[in-house]
Amino acid sequence: MVNPSPLDDPEYASFAWKRYWRLLRAMAWFSLTCVVVSLALLFWKNGFISIHFYIAAALGIGFTALLTAALMGLVFLSSGSGHDESIDDPLKGSYDGDD
């Protein structure tokens, strides 16, 4: 029998997803700040190289920061909501310790 997930409750799921999106919005602002600071430092150290360089740097830094925030946010959502504990583990207790 599969244990019910706390995210099956619509009220709790709404609360958990709102918390996730609030975290993601905060991280989007943080990522934008990191992009602006990084581009300013690149311009300060190197001057104007090429517009393509700055576009690529902005997209690379921004996308990496947002993807990291989204994936870590999902980890926090899954762990914090108790969704991880609700799975049915067929291998639990099957390890005998002999290698």
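A residue is called buried when its relative accessible area is under 20%, exposed when that area is over 50%, and partly exposed in between. Ser31 is a case in point: its relative accessible area is 2%, so Ser31 is buried. The model in which this value was computed is a predicted one.

Ser31 belongs to helix H1. Leaving aside residues up to four places away in sequence, Ser31 touches Ala65 and Leu66. Other buried residues of H1 include Ala13, Ala16, Tyr20, Leu24 and Val35.

The chain as a whole has two helices and zero strands. H1 covers residues 10-46, which makes 37 residues. From its first C-alpha to its last, H1 reaches 52 Å, close to the 54 Å expected at 1.5 Å a residue. Gly47 follows H1 and has a positive phi, near 75°. The other helix to consider is H2, residues 51-80.

Some totals put these helices in context. The chain has 99 residues, of which 19% count as buried. About 7,700 Å² of the chain is exposed, and carbon and sulfur atoms supply 70% of that area. Of the contacts between residues at least 6 apart in sequence, 68% join residues at least 24 apart.

Part of the exposed area is a nonpolar patch. Trp17, Trp21, Phe63, Leu67, Leu71 and Leu74 make this surface patch, which has an area of about 620 Å². H1 and H2 are the elements that give two or more residues to the patch. H2 supplies the largest share, four residues. Leu74, one of the patch residues, is placed in H2. The relative accessibility of Leu74 is 37%; a value that is neither under 20% nor over 50% falls in between, so Leu74 counts as partly exposed.

The aromatic residues give a further view of how the helices are related. A search of the whole structure finds five aromatic pairs. In one of them, Phe43 and Tyr54 lie 6.5 Å apart, centre to centre, with 55° between the planes, and the pair is tilted. Because Phe43 is in H1 and Tyr54 is in H2, this pair ties together parts that are eleven residues apart in sequence. The two partners differ in accessibility class: Phe43 is partly exposed, with a relative accessible area of 48%, whereas Tyr54 counts as buried at 9%.

Tyr54 also pairs with Phe53. The centres of these two rings are 5.2 Å apart and their planes stand at 80°. Planes over 60 degrees apart count as edge-to-face, so the pair of Phe53 and Tyr54 is edge-to-face. Phe53 has a relative accessible area of 32% and is therefore partly exposed.

These residues are part of a wider group. Phe43, Phe48, Phe53 and Tyr54 form one aromatic cluster. Within that cluster, Tyr54 takes part both in the tilted pair with Phe43 and in the edge-to-face pair with Phe53.

Conventions:
Residues numbered from 1 in each chain as written. Predicted model: local features only at pLDDT ≥ 70, side-chain atom pairs only at ≥ 80, totals over all residues. Heavy atoms only, no water. Expected span 1.5 Å × (residues − 1). Buried < 20%, exposed > 50% of the residue type's maximum accessible area, 1.4 Å probe, protein only. Patch = residues over 30% accessible without salt bridge, like charges linked within 9 Å, V, L, I, M, F, W, Y side chains within 5 Å. Areas by Shrake-Rupley, 256 points an atom, 1.4 Å probe, with all protein chains shown as cover. Salt bridge = Lys/Arg side-chain N within 4 Å of Asp/Glu carboxyl O. Contact = heavy atoms within 4.5 Å. Phe/Tyr/Trp six-rings, centres within 6.5 Å; stacked < 30°, edge-to-face > 60°.
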